[in-house]
Amino acid sequence: MTDAAPPAAETDVILGDLGVLLLECGVSVTDVRGSLEQVGRRAASTPQASLEFAILPEMVMVSRPGASSATTTVIGKGEALTFRQSAKASRLVHGLESGAVPLAEAPARMAAIRATPRHRPALQSVIGCGLLSLSLAWLFRCPWWAIVLALLVGLLVGGLTMLMMRVRAAAAVAPFISAFVSTILVGTVAGWLDLGPVPLFAVCAPVAILVPGALITNALLELTSTDIVTGASRLMYGLIMLAFMAAGVYSGALLTGLRVDSASAALVGEAVQLTTDRGGWEALPPLWSAWLAVIVLAIGIGLAFGSGFRLTVVCVVVMAGTYAVLTLFSPVVGSVVATGIAAAVLFVAARVLERLTIAIPATVSFQPAFLLLVPGTVGLVSLASFDAQALVSAPMMFLSLCIGTKVGALLADLARITRSTVFLRWAKPARMGEL
């Protein structure tokens, strides 16, 4: 062992803490296990000193088969990291996998990542929620009055959610309360102004940031990767959150008499088909302005999740590409299939970005686009409206997104394996010839 290599027990603790750090970044347990296995193989003192990992949503267990030492367990605090912290964690993992960073330096670097300062996080999160709500209502071409209302309600819901998340007991019911308050406000304004049926995203946009679309999709991915325990627990938690939000929307609509316009857009591909002959505040935004809405949406996500300037620019590019794929393929193959195609293309693009620069992890560039693919929002609406067609389309959207993501992951892995094995096969004969 070299001076940079820590003892076996300390190595297990470091690897467990590294796995917890990746879980806090939002990485699936399947990818966490793969990263730990690569780092563990490089950190092993001998080829026979293999390590095995058991990953749960907030816990990592490291064991050494055949060794007398006990299994090392590291439990996380469950606190999600910002996108900027996730980028730094990705850089650290790549350095450990390649050997550029000694494993002994990992604890100090992980502590520095968790201590990364964020300027006025509460204010940024509230403004981000408001911009996210505004841009989603704009992107799905709600009338101008609904866009302005979505901005105001989004700011209020963002502030309310921030307050509730600071108390453990209140955080458990935050999805219900936020959805209930949002629907009450929208329904009251709609009834006061006698606006009639309200567009779908005038109701959903203010609470879209709470929709567990990425959580449920990651659960499906883990289930298809045989990570049954973690996938099932994540799926159950996501469905409970979704049910709470649906109950809040349904209760608020029942109290205010709010009715959702069945002709409004529920998916990106449907928004381009909306038309109206009304003017003024009841007019729809022009179709070309949807590209501006995508930019505002990316900025809102950057503020809400702490991206920083550079990652926000990446988010703008990725979301614009996702929107382009959805609008291009939806009229041709339908919204369900277009969602799977967009997921596959986006996942490959995220892996390419991650390969070109380790400062842009795939989780940071891939997860924000879930708000455009909106699988969670579709499920929320289907539960709240009890629409038979929506109840059928929601699981199909989930499955399409899951299959598309798995296909994208397969393509990305094949490209990476082919590239690496080819270079290895070329390098070995050359080195043997030199000998």
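Trainee: Helices here are DSSP runs (H or I) of at least four residues, numbered from the N terminus. In which helix is Asp12 found?

Mentor: Asp12 is found in helix α1, which covers residues 8–24. Please keep in mind that this is a predicted model.

Trainee: Is Asp12 buried or exposed?

Mentor: Asp12 counts as buried, because its relative accessibility is 3% and the cut-off for buried is under 20%.

Trainee: Which residues is Asp12 in contact with?

Mentor: Setting aside neighbours within four places in sequence, Asp12 is in contact with Leu51, Val62, Arg64 and Thr72.

Trainee: Let me step back. How many helices and strands does the protein chain have?

Mentor: The secondary structure of the chain comes to 19 helices and 3 strands. The chain has 435 residues, of which 48% count as buried.

Trainee: And what about contacts between residues that are apart in sequence?

Mentor: Take the contacts between residues at least 6 apart in sequence: 72% of them join residues at least 24 apart.

Trainee: What does the surface of the chain consist of?

Mentor: The protein chain exposes about 20700 Å², and carbon and sulfur atoms supply 67% of that area. There is also a nonpolar patch on the surface, formed by Met396, Leu399, Ile403, Val407 and Leu411. Together these residues have about 460 Å² of accessible area.

Trainee: Where is Val407 found, and why does it count as partly exposed?

Mentor: Val407 is found in helix α19, residues 388–434. Val407 counts as partly exposed because its relative accessibility is 39%, and partly exposed lies between the 20% limit for buried and the 50% limit for exposed.

Trainee: What is the confidence of the model?

Mentor: The mean pLDDT of the protein chain is 78, and 80% of its residues reach 70 or more. By helix, confidence is highest in α4 (residues 106–114), at 91, and lowest in α18 (residues 375–385), at a mean of 58. Over residues 417–435, the pLDDT is below 50, and this stretch has 1 contact in the model beyond near neighbours in sequence.

Trainee: Now to helix α6. How many residues does α6 have, and how far does it reach?

Mentor: Helix α6 (residues 144–165) has 22 residues. From its first C-alpha to its last it reaches 31 Å, close to the 32 Å expected at 1.5 Å a residue.

Trainee: Which residues of α6 are buried, and what do they pack against?

Mentor: Among the buried residues of α6 are Trp145, Ala150, Val153, Gly154 and Val157. The buried residues of α6 pack against α5, α7, α8 and α9.

Trainee: Does any loop residue contact that helix, and if so, which α6 residues does Pro206 touch?

Mentor: Pro206 is in contact with Ala150, Val153, Gly154 and Val157, and its other contacts beyond four places in sequence include Ser133, Ser182 and Phe201. Pro206 is found in the loop between α9 (200–204) and α10 (213–224), and it is buried because its relative accessible area is 2%. The C-alpha atoms of Pro206 and Thr183 are 9.0 Å apart in space, while the two residues are 23 residues apart in sequence.

Trainee: What about Gly187, in helix α8?

Mentor: Gly187 counts as buried, because its relative accessibility is 4%. Beyond residues up to four places away in sequence, Gly187 touches Thr256 and Leu258. Its C-alpha is separated by 8.5 Å from that of Leu255, 68 residues apart along the chain.

Trainee: How long is helix α11, and which residue follows it?

Mentor: Helix α11 (residues 228–256) has 29 residues and reaches 42 Å, close to the 42 Å expected. Its buried residues include Arg234, Met241, Leu242 and Val249. Gly257 follows α11 and has a positive phi, near 75°.

Trainee: Which sign of phi do most residues other than glycine have?

Mentor: Most residues other than glycine have a negative phi. Arg120 has a positive phi near 50°, and Arg141 has a positive phi of about 55°.

Trainee: Where are these two arginines: Arg120 and Arg141?

Mentor: Arg120 is in the loop between α4 and α5, and Arg141 is in the loop between α5 and α6. Arg120 is exposed, with a relative accessible area of 56%, whereas Arg141 counts as buried at 11% relative accessibility.

Terms used
Residues are numbered from 1 along each chain as its sequence is written. This is a predicted model: local features need pLDDT of at least 70, side-chain atom pairs count only at pLDDT 80 or more; totals for chains, interfaces and linings use all residues. Side-chain values use heavy atoms; hydrogens and water are left out. Patches are made of residues with over 30% relative accessible area and no salt bridge: like charges are joined within 9 Å, nonpolar side chains (Val, Leu, Ile, Met, Phe, Trp, Tyr) within 5 Å. Accessible areas come from the Shrake-Rupley method with a 1.4 Å probe; for residues, only the protein chains shown count as cover. A salt bridge is a side-chain nitrogen of Lys or Arg within 4 Å of a carboxyl oxygen of Asp or Glu. Buried means under 20% relative accessible area, exposed over 50%, partly exposed in between (1.4 Å probe, protein chains only). Contact means heavy atoms within 4.5 Å. The expected span of a helix is 1.5 Å times one less than its number of residues. pLDDT is the predictor's confidence in each residue, from 0 to 100.
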